[in-house]
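Visitor: I should like to learn how to read a protein model, and I would be grateful for a guided discussion. May we look at the structure together?

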Amino acid sequence: MKILSWNVNGIRACQQHGFLDWFAKQDADIVCIQETKAQLEQLEDELARPLGYHAHWHAAAKRGYSGVATFSRRRPRRVEPGIGIASFDREGRVLAVEFPGFVLLNAYFPNTQHNHARLSYKLRFLRAMRRRMDQIRASGRNVIVCGDYNIAHREIDLANPKSNRDNAGFLPQERSWLERTTRAGYIDCFRHFCSEPGHYTWWSYRAGVRERNVGWRIDHFLVNPELRRRLRSATHQIDVLGSDHCPIELQLR
């Protein structure tokens, strides 16, 4: 099974750079996108339902902001937009889709912002996400959480850790959530297969930054430990352009 996740930084803008061509080449079972920045009624059908996949959207109340969508070849058993907390749900940040064998949480985690203005909001979101993950696991179901976490976990996960210690996405409070979550048994799928530095999923739009690979690894797949045996590979599609993020890929047995 092939699952893809990509912060497209605006689905309509990404389409101008070949989103649908990329989608068609993937032959994926599930594609999750974040930061759609669109309401469903603003989209042509070919973009709203690529290749006729089952499509589920959770848009922000504010137009042109946030939003997630999940496309699947197979009809899901259940779809749940949001996590039941209005302050997060009106920003279109989470879409839960259940398939045989697992619940997939497609999530666009809040950005703490340069002045840390949304740090308390993000920490509340992190606590809510962990509760939801644990609830799913406690119910006897597997859980996969994919998306843009807006968190680089460890120094290996960004090119310049020392100069970014007080910057959004690498704050101790953010990193500790990922540390506690992985220590509780949840698996960072990419690090399960790769322990090397220099692997990133986001680069600034500043000239030459992506070419020099001065990036951050802030897009992740996390799974509960019971799924370990099904993990086949976790990779980054770094050559795919169209956004300041690249797609990430998880393959399950």
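Visitor: How do the residues of the lining of the largest cavity divide into nonpolar, polar and charged?

Guide: This is a predicted model, and every value here is computed from it. The lining of the largest cavity is made of Arg78, Glu80, Ala96, Val97, Glu98, Val103, Arg132 and Arg141. Ala, Val and their like count as nonpolar, whereas Glu and Arg count as charged. The division is therefore three nonpolar, no polar and five charged.

Visitor: Which element gives the largest share of the lining of the largest cavity?

Guide: The space in the largest cavity comes to about 60 Å³. Two elements give two or more residues to its lining, namely strand 5 (78-81) and strand 6 (94-99). The largest share, three residues, comes from strand 6.

Visitor: How many cavities of 30 Å³ or more are there?

Guide: Empty space is found by rolling a probe the size of a water molecule over the atoms. With a cut-off of 30 Å³, the count of cavities is two.

Visitor: Which elements give two or more residues to the lining of the second largest cavity?

Guide: The second largest cavity holds about 50 Å³ of space. Its lining consists of Cys189, Phe190, Asp219, His220, Phe221, Ala234, Thr235, His236, Ile248 and Glu249. By class, these residues are five nonpolar, three polar and two charged. The elements that give two or more of them are helix 7, strand 12 (219-223), strand 13 and strand 14.

Visitor: Which residue stands opposite Thr235 in strand 14?

Guide: Strands of a sheet pair through backbone hydrogen bonds, either parallel or antiparallel. Strand 13 and strand 14 (residues 248-252) pair in the antiparallel sense, over five bridges. Opposite Thr235, in strand 14, stands Glu249.

Visitor: Which are the edge strands of the open sheet with the order 3-4-2-1-14-13?

Guide: This open sheet has six strands in the order 3-4-2-1-14-13, and its pairing is mixed. An edge strand pairs on one side only, and here the edge strands are strand 3 (54-58) and strand 13 (231-236).

Visitor: At about what angle to strand 1 does helix 2 run?

Guide: Helix 2 (residues 19-26) lies across three strands: strand 1 (2-7), strand 2 (30-34) and strand 4 (68-72). Relative to strand 1, helix 2 runs at about 165°.

Visitor: What is the strand order of the open sheet whose edge strands are strand 5 and strand 9?

Guide: Strand 5 and strand 9 each pair on one side only, and they are the edge strands of this sheet. Strand 9 is joined to strand 12 by two bridges, and these two strands run antiparallel. Within strand 12, Leu222 is the bridge partner of Asp188. The sheet is open, has six strands with mixed pairing, and has the order 5-6-7-8-12-9.

Visitor: At about what angle to strand 7 does helix 5 run?

Guide: Helix 5 lies across strand 5, strand 6, strand 7 (102-108), strand 8 (143-148) and strand 12. Its direction relative to strand 7 is about 170°.

Visitor: Are helix 5 and helix 6 roughly parallel or roughly antiparallel?

Guide: Two packed helices are described by the angle between their axes and the distance between the axes. The axes of helix 5 (residues 119-138) and helix 6 (residues 172-183) come within 10 Å and cross at roughly 10°. Angles under 35 degrees count as roughly parallel. Helix 5 and helix 6 are therefore roughly parallel.

Visitor: How do the residues of the contact of helix 5 with helix 6 divide into classes?

Guide: Helix 5 contributes residues including Leu119, Leu123 and Met133, and helix 6 contributes residues including Gln173, Trp177 and Thr181. The residues of this contact divide into six nonpolar, two polar and five charged.

Visitor: Which residues lie nearest the centre of the largest pocket?

Guide: The largest pocket contains about 630 Å³ of space. Its lining divides into nine nonpolar, 15 polar and six charged residues. Of the 30 residues that line it, those nearest the centre are Asn111, His114, Ala168, Trp202 and Trp216.

Visitor: Which elements each supply at least two residues of the lining of the second largest pocket?

Guide: The second largest pocket has a volume of about 170 Å³. Among its lining residues are His153, Asp188, Arg191 and Arg228, and the lining divides into two nonpolar, four polar and six charged. The elements that each supply at least two residues are strand 9 (187-188) and helix 7 (189-193).

How values were computed: Residues are numbered from 1 along each chain as its sequence is written. This is a predicted model: local features need pLDDT of at least 70, side-chain atom pairs count only at pLDDT 80 or more; totals for chains, interfaces and linings use all residues. Side-chain values use heavy atoms; hydrogens and water are left out. On a 1 Å grid over the protein atoms alone, a cavity is a set of points where a 1.4 Å probe fits but cannot get out, and a pocket is an open set with protein on both sides within 12 Å along at least five of seven lines; lining residues have an atom within 4 Å of a point. Grid points are joined across faces, edges and corners, and a volume is the space filled by probe spheres set on the points. Helices (H or I, at least four residues) and strands (E, at least two) are DSSP runs, numbered from the N terminus. Two strands pair if DSSP finds at least two bridges between them. Contact means heavy atoms within 4.5 Å. Axes are lines fitted to C-alpha atoms, for helices over the stretch in contact, and angles run from 0 to 180 degrees between N-to-C directions. Angles under 35 degrees count as roughly parallel, over 145 as roughly antiparallel, 65 to 115 as roughly perpendicular and the rest as oblique.
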